[in-house]
Amino acid sequence: MCSIAAIYKSELRFAERMSEVMKLRGPDRSAVMRGDGIALAHNRLAVMDPENGDQPMSGEFEGKRAVIAYNGEIYNTDELRAELEKRGMRFKTGCDTEVVLGSYLVYGEDCPKHLNGIFAFVIWDKTERKLFAARDRLGVKPLFYTVPDSGGLLISSEIKGLLANPLVRPTIGAEGVWQLLLLSPVTLPESTVYKDIYQLGAGKCLVADDDGTRIRSYWSLCAHRPTIYDPAEAAEQLRALLFDAVKRQCRSDVPLCTFLSGGLDSSVLTAIAAKEFEAKGEKLSTFSFEYEGEHENFRKSLFQPASDDEFAPGLAKHLGTDHRILTAGDRDVADLLPEAAYFRDIHARSGGH
């Protein structure tokens with residue numbers, strides 16, 4: 001999962017404080033880089049190349065130097081690495097972080113257009129002395145920012161990272177109140193319930209330098225001229241896309257699993273992943289969840305005609321996965337509600353429950 005934080009032209013000494021409150025996102029290693037009016041902080045959950053992928057990570061190519069703090073997963077890493085190697089770039093690690101950094105060193109601000117994956121990252125361009133940040137096309141990975149009254153720019157994977165900086169005021173404005181009361185848990189695009197704290201929009205990038213801060217879209221969903229398929233051809237096209245997407249996401253240097261409810265989406269994804277694991281001589285682990293007393297008290301409805309435990313174990317047996325059912329006790333759920341609210345950034349100031 002990982003977390004990132006950045007401070008630009010502001011009090012760099014608060015970088016550790018911003019990063020500390022997000023350590024659960026990256027329990028494996030933490031580090032902070034300072035210099036040139038910029039601080040980058042990173043908490044790492046090691047998935048690819050655990051030994052060599054620590055961040056912030058620096059890189060250089062053809063005289064251009066940059067450093068990155070990154071959260072995400074790039075599914076076309078192999079193709080992109082090969083493309084960059086043809087241009088003369090040499091890699092020191094097997095992780096996708098270095099490929100993202102290399103893409104920036106070659107393609108500059110067009111870098112996100114070359115990435116197939118989910119990501120949020122901040123790059124300090126040492127050569128051009130500018131900060132560049134980007135978020136994936138659908139906004140899967142979070143990225144928040146604010147401009148404190150004293151100036152500069154603060155960026156964080158979570159709102160609580162920004163609120164941990166004493167220069168940020170935890171103020172909920174009128175728009176935040178009605179969003180909290182009427183839309184929660186949803187907020188308007190690129191906004192939050194806090195005044196002057198924003199999300200970088202999906203498919204957007206940000207540049208900050210001596211001329212100020214600018215945000216633009218590098219991608220937007222477009223309607224192309226429809227191509228007519230017959231039903232069989234359409235089904236085959238969808239099947240090919242699904243298999244390709246799942247196969248790309250089965251690459252990892254640590255164990256993987258799927259959450260299996262027995263519903264259509266999780267069943268399809270698990271079936272494809274199980275086949276990929278079987279081809280490698282491995283068995284996929286699957287998990288399903290239930291609440292205490294759910295089985296005994298379940299009542300059928302139009303929305304849910306059957307409980308998950310009627311489908312998930314049977315499908316797991318059919319697919320040959322290593323399946324486990326985890327039960328959440330009533331008391332456990334109640335006791336964890338304050339913590340759940342904290343991790344959803346509902347509390348006004350990080351650190352307290």
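**View 1. Y342 and its neighbours in this predicted model.** Y342 is buried, with a relative accessible area of 9%, whereas its ring partner F343 is partly exposed, at a relative accessible area of 35%. The two residues form an aromatic pair of the edge-to-face kind, in which the ring centres are 5.1 Å apart and the planes stand at 65° to each other. The ring of Y342 also has a charged neighbour, since the charged end of K160 sits over this ring at 4.8 Å from its centre.

**View 2. The ring cluster that includes F119 and F121.** A search of the whole structure finds 7 aromatic pairs. In one of them, F119 and F121 have ring centres 5.7 Å apart and planes at 35°, so this pair is described as tilted. Both F119 and F121 are buried. Ring pairs join these two residues with Y104 and F132, and the four together form a cluster.

**View 3. A lysine over the face of F277.** Here K280 lies over the face of the F277 ring, and the distance to the ring centre is 4.8 Å.

**View 4. The salt bridge between D210 and K9.** The structure holds 23 salt bridges, and in this one the side chains of D210 and K9 meet with a distance of 2.6 Å from N to O. D210 lies in the loop between β11 (204-209) and β12 (212-217), while K9 lies in the loop between β1 (3-8) and α1 (15-20), so the pair ties together parts that are 201 residues apart in sequence. D210 is exposed, with a relative accessible area of 65%, whereas K9, at 44% relative accessibility, counts as partly exposed.

**View 5. Salt bridges of R251 with D78 and of R248 with E79.** The closest N and O atoms of R251 and D78 are 3.6 Å apart. This pair links distant parts of the chain, with R251 in the loop between α6 (231-248) and β13 (257-259) and D78 in helix α2 (residues 77-86), 173 residues apart. R251 counts as partly exposed at 37% relative accessibility, and D78 is partly exposed with a relative accessible area of 43%. The side chains of R248 and E79 meet in a salt bridge of 2.8 Å, N to O. Because R248 lies in helix α6 and E79 in helix α2, this pair ties together parts that are 169 residues apart in sequence. R248 is partly exposed, with a relative accessible area of 22%, and E79 is partly exposed, with a relative accessible area of 40%. Elsewhere, salt bridges that share partners join K64, E109, D125, E128, K130 and R216 into one network.

**View 6. Cysteines without a disulfide, C95 and C205.** A disulfide is a covalent bond between the sulfur atoms of two cysteines. With a cut-off of 2.5 Å between the sulfur atoms, the count comes to 0 disulfides. C95 is in no disulfide, and the nearest cysteine sulfur, that of C2, is 10 Å away. For C205, the closest cysteine sulfur is that of C111, and the two are 9.6 Å apart, which is too far for a bond. C95 is buried, with a relative accessible area of 2%, and C205 also counts as buried, at 0% relative accessibility.

**View 7. A nonpolar patch on the surface.** The patch is formed by I172, V177, W178, L180, L181, L182 and L188, which together have about 650 Å² of accessible area. Among them, L180 lies in helix α5 (residues 174-183) and is partly exposed, with a relative accessible area of 37%.

Terms used: Residues are numbered from 1 along each chain as its sequence is written. This is a predicted model: local features need pLDDT of at least 70, side-chain atom pairs count only at pLDDT 80 or more; totals for chains, interfaces and linings use all residues. Side-chain values use heavy atoms; hydrogens and water are left out. Patches are made of residues with over 30% relative accessible area and no salt bridge: like charges are joined within 9 Å, nonpolar side chains (Val, Leu, Ile, Met, Phe, Trp, Tyr) within 5 Å. Accessible areas come from the Shrake-Rupley method with a 1.4 Å probe; for residues, only the protein chains shown count as cover. A salt bridge is a side-chain nitrogen of Lys or Arg within 4 Å of a carboxyl oxygen of Asp or Glu. Helices (H or I, at least four residues) and strands (E, at least two) are DSSP runs, numbered from the N terminus. Buried means under 20% relative accessible area, exposed over 50%, partly exposed in between (1.4 Å probe, protein chains only). Rings of Phe, Tyr and Trp (its six-membered ring) pair if their centres lie within 6.5 Å; planes under 30 degrees apart count as stacked, over 60 as edge-to-face and the rest as tilted. A charge sits over a ring if NZ of Lys or CZ of Arg is within 6 Å of the ring centre and within 35 degrees of the ring normal.
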